[in-house]
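Here are my notes on the model you sent, set out as numbered points so that each can be checked against the coordinates.

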Amino acid sequence: MMKKIIFIGLLFFCLNGCQKKVQEIVIGTAGPMTGDQSKLGGDVANGVRLAVDEWNEKGGINGVKIRLEIGDDQHDPKQAVSVANKMVNLGIAGMIGHFNSSASIPASSVYERAGIPMITPASTNPQLTNQGYQMVFRVCGRDDQQGKVAADFAVQAFQAKKLAILHDKTTYGQGLSEEFRKAVSEQSKAVEIVSFDGLTQGDKDFRGVLTALKGKNPDMIFFGGIFPEGGLISKQAKEVGLTAPIMGGDGIFDPKFIEIAGIAAEGSFVTFTPDPEKIPHAKGFFQKYKARHGEGLAPYAIYAYDATHILLKALAQAGGISVKGDKKKVSEIIRNMKYDGALGHIEFDTKGDVKASPYVVWTTKGGRFEEFWAPGQPMPTNASDVLMPATHDASS
């Protein structure tokens, strides 16, 4: 009888202790934190960390502090799955990430099976949300959206007759390039795609491919990929005598692209969303972010920041995650949320995509990015200084 009483007492103590209260709420973020794309991963981590700090300064979620776990997937699909499994084992309540589509897509199945909400700030490949998962969201646009805007610009505004397309063979780069090619073909049968070539991500010398392109005399070269290769392509294109401007997607929208390409970056075009610094709600974010990290452009930090606030707000509305919590409920709250943040108004559709994600075309001028063109607009009247081919020696 005494043993039975002791056992019941211990059981009661264990259950009582287990349900006492959660000491902290853990969320994760992941991306390429090391290697050639570490700038991008670091920007995302900085944006997430800023949002987490703001919540913790106000007491966390329902009085429980938030801890951030950061995973380095090295923009590798297998590593991304490994990071995702590690995050699940750590008991995260939600994931902000991953960065690259090639990482987010395989990792998303891990989070879906575990019932963990995932919001990517940067993965644009349509396949991610076309899987029909209930736990997967993104606060950025899709490649079929930005591919169409790039095609609108190339065909209607720029009036290119010959287009060359290069991509880095990744889920993001090749996917965006295929969306661009598809949109061009739908708009005009008169525009000739003179080449559609895949390059190897991580290579440093593209002069052979670019020299071959020179003989095809394209009016514009579209590149689907990230800034390390994009910057080299821009620089080496001028070195071999190509005068056609480079156009790319959001993957090259980073100061590192201009740093790598040097003066050869001048007059390039990039699809990205409108300047967030012009959004009144974003003022507080930029003041805090620049105070911590300086004036450098960090395009996806603000996306990570808003994604984190959306996740944490959903967790708070779900009552936090006392003991085990209800992650499905958190996902439903996110799907139905009407959020006004640094990026403006965000709502999600049934797939987990944002309902409105406008893309515009930026150009590089004077070593900086500036907005240049939006769909439905004519070519700017002052475009000649941007569109004139460079006459300098880009090898210097």
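1. The protein chain holds 14 helices and 14 strands, and I would keep in mind throughout that this is a predicted model. Of the 396 residues in the chain, 54% are buried. Where two residues at least 6 apart in sequence are in contact, 70% of such contacts join residues at least 24 apart.

2. One sheet is open and has 5 strands in the order β2-β1-β3-β4-β5, with parallel pairing. Its edges are formed by β2 (65–72) and β5 (136–138), and because each of these has a single partner strand, one side of each is left without a neighbour in the sheet. Within this sheet, strand β1 (residues 24–31) and strand β3 (residues 95–96) run parallel and are joined by 2 bridges, and Thr-29 has Ile-96 in β3 as its bridge partner. Helix α2 (residues 38–57) lies across β1, β2 and β3, and its direction runs at about 170° to β2.

3. A further open sheet is built from 7 strands in the order β7-β6-β8-β9-β10-β13-β14, and here the pairing is mixed. The edge strands are β7 (192–198) and β14 (368–373), each of which pairs on one side only. On average, and with direction ignored, neighbouring strands of this sheet are turned by 25° against each other. Helix α7 (residues 171–187) packs on the sheet, where it touches β6 (162–167), β7 and β8, and its direction makes about 160° with that of β6.

4. The middle of the 7-stranded order can be followed residue by residue. Strand β8 (residues 220–224) pairs with strand β9 (residues 246–248) in the parallel sense over 3 bridges, and Phe-222 stands opposite Met-247 in β9. The pairing of β9 with β10 is also in the parallel sense, over 2 bridges, with Phe-269 in β10 as the bridge partner of Met-247. From strand β10 (residues 269–272), Phe-269 and Thr-271 point one way while Val-270 and Phe-272 point the other way, and all are buried.

5. Which way do strand β13 and β14 run relative to each other, and how many bridges join them? Strand β13 (residues 360–365) and β14 run antiparallel and are joined by 5 bridges, with Trp-362 standing opposite Glu-371 in β14. The hairpin of β13 and β14 has 2 residues between the strands, and in this hairpin Gly-366 takes a positive phi near 65°.

6. The largest pocket has a volume of about 540 Å³. It is lined by 26 residues, of which Glu-277, Glu-295, Gly-296, Leu-297 and Arg-368 lie nearest its centre. The elements that each give two or more residues to this lining are α10 (255–261), α11 (283–293), α12 (301–317) and β14. Sorted by class, the lining has 15 nonpolar, 3 polar and 8 charged residues.

7. The second largest pocket has a volume of about 250 Å³. Its lining consists of 15 residues, and the closest to its centre are Thr-273, Tyr-303, Leu-343, Ala-356 and Pro-358. By class, this lining has 10 nonpolar, 3 polar and 2 charged residues.

8. Two asparagines deserve a separate look, beginning with Asn-125, which sits in the loop between β4 (118–120) and α5 (127–130). Is Asn-125 buried or exposed? Asn-125 has a relative accessible area of 8% and therefore counts as buried, since the cut-off for burial is under 20%. Leaving aside residues up to four places away in sequence, Asn-125 touches Ser-101, Ile-105, Arg-138, Asp-143, Thr-171 and Gly-175.

9. The other is Asn-130, which lies in helix α5. Its relative accessibility is 42%, so Asn-130 counts as partly exposed, a class that falls between the 20% and 50% limits. Again without residues up to four places away in sequence, Asn-130 touches Arg-142 and Lys-351. Asn-130 and Lys-351 are 221 residues apart in sequence, yet they lie 6.8 Å apart in space, C-alpha to C-alpha.

Key
Residues numbered from 1 in each chain as written. Predicted model: local features only at pLDDT ≥ 70, side-chain atom pairs only at ≥ 80, totals over all residues. Heavy atoms only, no water. Pairing = 2+ DSSP bridges. Helix = DSSP H or I, 4+ residues; strand = E, 2+ residues; numbered from the N terminus. Axes fitted to C-alpha atoms, helices over the stretch in contact; angles between N-to-C directions. Contact = heavy atoms within 4.5 Å. 1 Å grid on protein atoms, 1.4 Å probe; cavity = no way out; pocket = protein on both sides within 12 Å on 5 of 7 lines; lining within 4 Å. Points joined across faces, edges and corners; volume = space filled by probe spheres on them. Nonpolar A, V, L, I, M, F, W, Y, C, P; charged D, E, K, R; others polar. Buried < 20%, exposed > 50% of the residue type's maximum accessible area, 1.4 Å probe, protein only.
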